[in-house]
Amino acid sequence: MTNSNEFRSGFVAVVGRPNVGKSTLINALVGEKVSITSRKPQTTRDRVIGVLTTESEQYVFVDTPGFQTKHTSGLIKHMNQSVRASLSDVDAIVLVIEATGWRKEDEEVLRLIPQDATNVILAINKTDEIHEREKILPLLADSQKRFPFADFVPISAEKGRQLKVLLNCIAKHLPEGEKFYDEDIYTDKTPRFIAAETIREKAFRLLGDELPYGCAVMIDKWEEDEKLAKIYATLIVSRESHKGIVIGEKGAKLREISRLARTEIAQILDKKVYLEVWVRVRKGWGDDAKILKTLGYD
Ligand SMILES: Nc1nc2c(ncn2[C@@H]2O[C@H](COP(=O)(O)OP(=O)(O)OP(=O)(O)O)[C@@H](O)[C@H]2O)c(=O)[nH]1
Ligand SMILES: [Mg+2]
């Protein structure tokens with residue numbers, strides 16, 4: 001007989017094609033921003049952990065980059081590898097799709113999951129964009145035919161709808177056991193990584209569609225005392241022509257990126273932040289193993 005009073009804890013991989021809302025979902029579940037999000041695909045590049053500790057469970061969510069099928073740069077290979085790695089050795093898998101229905105790219109992600117897995121939950125996200133509820137029913141029936149999902153949960157990560165229901169479905173798969181992280185810990189990432197990601201998020205959101213995939217952020221120097229953090233960062237772009245776009249007219253774009261990033265980093269660190277962001281061109285950095293390593297994508 002199992003004792004239901006026992007604490008449960010485990011790892012939960014959140015997977016899906018780019019842009020379905022995986023990072024938004026994890027941030028909403030954890031209640032803190034652990035992973036950057038944007039309306040553009042390929043926002044998340046690396047595995048990020050978000051931890052939710054309740055009275056009876058600890059959920060360690062693993063955010064993964066959206067699985068790519070089109071491009072094959074060194075960075076994309078790294079991202080896909082990170083998705084595959086996160087699927088082994090987890091207690092539950094949440095596959096996220098959009099409420100508008102299955103796409104070819106969703107099927108490709110499904111194919112990565114072992115066919116005999118009994119711990120896969122389908123989260124049907126962005127239900128706030130579907131105005132007729134009846135449309136979800138055929139989607140559930142269709143999904144049932146594709147895979148023996150343990151549960152199906154229509155959710156809205158953005159509006160926080162049905163997240164409790166999703167958590168309850170996940171909890172069933174968590175084994176009894178001690179916490180992996182102290183309860184005040186909500187991510188495994190360092191402040192440096194989070195600061196770099198915050199700058200990248202602002203660049204992603206403020207810049208045109210052509211640019212973001214070729215951009216990365218490096219923290220060059222970090223000086224911190226009790227009251228103030230001085231952060232010096234470089235935004236790396238892959239083309240000379242992109243440098244001007246990032247900087248903008250009279251430096252306005254870069255100033256806005258820095259301003260938004262500084263405000264958010266100050267909130268996260270809970271102290272004043274001085275932030276300097278420089279722009280540098282490094283052609284083909286997405287294929288350069290050495291640069292990828294420096295950026296932490298190894
Ligand atoms: N309407 C609506 N939009 C959502 C919802 N969840 C996420 N989004 C939006 O979808 C876009 C992508 O969200 P992300 O969380 O960055 O998606 P992701 O799956 O992590 O994307 P990658 O990291 O690129 O793979 C953002 O613009 C989100 O605001 C939702 O429930 N409803
Ligand atoms: Mg993401």
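**Figure 1. Polar contacts between ligand 1 and Asn 125, Lys 126 and Asp 128**. In this predicted model, the side chain of Asn 125 places an N or O atom 3.1 Å from an oxygen atom of ligand 1. Lys 126 also goes for an oxygen atom of the ligand, with a polar side-chain atom 3.0 Å away. Asp 128 pairs up with a nitrogen atom instead: an N or O atom in the Asp 128 side chain is 2.7 Å from that nitrogen of ligand 1. How much of ligand 1 does the protein bury? On its own, the ligand exposes 650 Å², and the protein covers 92% of that.

**Figure 2. The shell around ligand 1**. Ligand 1 sits in the largest pocket, with 23 residues around it. Lys 22, Thr 24, Gln 42, Thr 43 and Glu 158 are the ones that come nearest. Which element gives the most to this shell? That would be helix 1, which chips in three residues.

**Figure 3. The magnesium ion (ligand 2) and its two side-chain oxygens, from Ser 23 and Thr 44**. OG of Ser 23 and OG1 of Thr 44 coordinate the ion, at 1.9 to 2.2 Å. Where in the chain do these two residues come from? Ser 23 belongs to helix 1 (residues 22–30), while Thr 44 is in the loop between helix 1 and strand 2 (48–53). They're 21 residues apart, and the pair links distant parts of the chain. Are the two residues buried or exposed? Ser 23 has a relative accessible area of 6%, so it counts as buried. Thr 44 is buried too, because its relative accessibility is 8% and the cut-off is under 20%.

**Figure 4. Ser 9 and the backbone of Glu 178**. Zoom in on strand 1 (residues 8–15) and you'll find Ser 9 there. What does the Ser 9 side chain reach? Its partner is the backbone oxygen of Glu 178, at 2.6 Å. With a relative accessibility of just 3%, Ser 9 counts as buried.

**Figure 5. Gly 286 and Pro 65**. Gly 286 is in the loop between strand 9 (272–281) and helix 9 (289–294). Is this loop glycine buried or exposed? The relative accessible area of Gly 286 is 17%, so it's buried, given that the cut-off is under 20%. In sequence, Gly 286 and Pro 65 are 221 residues apart. In space, the C-alpha to C-alpha distance between Gly 286 and Pro 65 is 15 Å.

Technical notes:
Residues are numbered from 1 along each chain as its sequence is written. Chains are lettered from A and ligands numbered from 1 in the order in which they are written. This is a predicted model: local features need pLDDT of at least 70, side-chain atom pairs count only at pLDDT 80 or more; totals for chains, interfaces and linings use all residues. Side-chain values use heavy atoms; hydrogens and water are left out. Donors are N, O and S atoms within 2.8 Å of the metal (3.2 Å for Na, K and Ca); water is not among the atoms, so sites may look incomplete. Helices (H or I, at least four residues) and strands (E, at least two) are DSSP runs, numbered from the N terminus. Buried means under 20% relative accessible area, exposed over 50%, partly exposed in between (1.4 Å probe, protein chains only). A residue is near a molecule or strand if one of its heavy atoms lies within 4 Å of it. A polar contact is a pair of N or O atoms within 3.5 Å; within protein, one must be able to donate a hydrogen and the other to accept it, and residues adjacent in sequence count only if both atoms are side-chain atoms. Accessible areas come from the Shrake-Rupley method with a 1.4 Å probe; for residues, only the protein chains shown count as cover. On a 1 Å grid over the protein atoms alone, a cavity is a set of points where a 1.4 Å probe fits but cannot get out, and a pocket is an open set with protein on both sides within 12 Å along at least five of seven lines; lining residues have an atom within 4 Å of a point. A molecule sits in a cavity or pocket if more than half of its atoms lie within 2 Å of its grid points.
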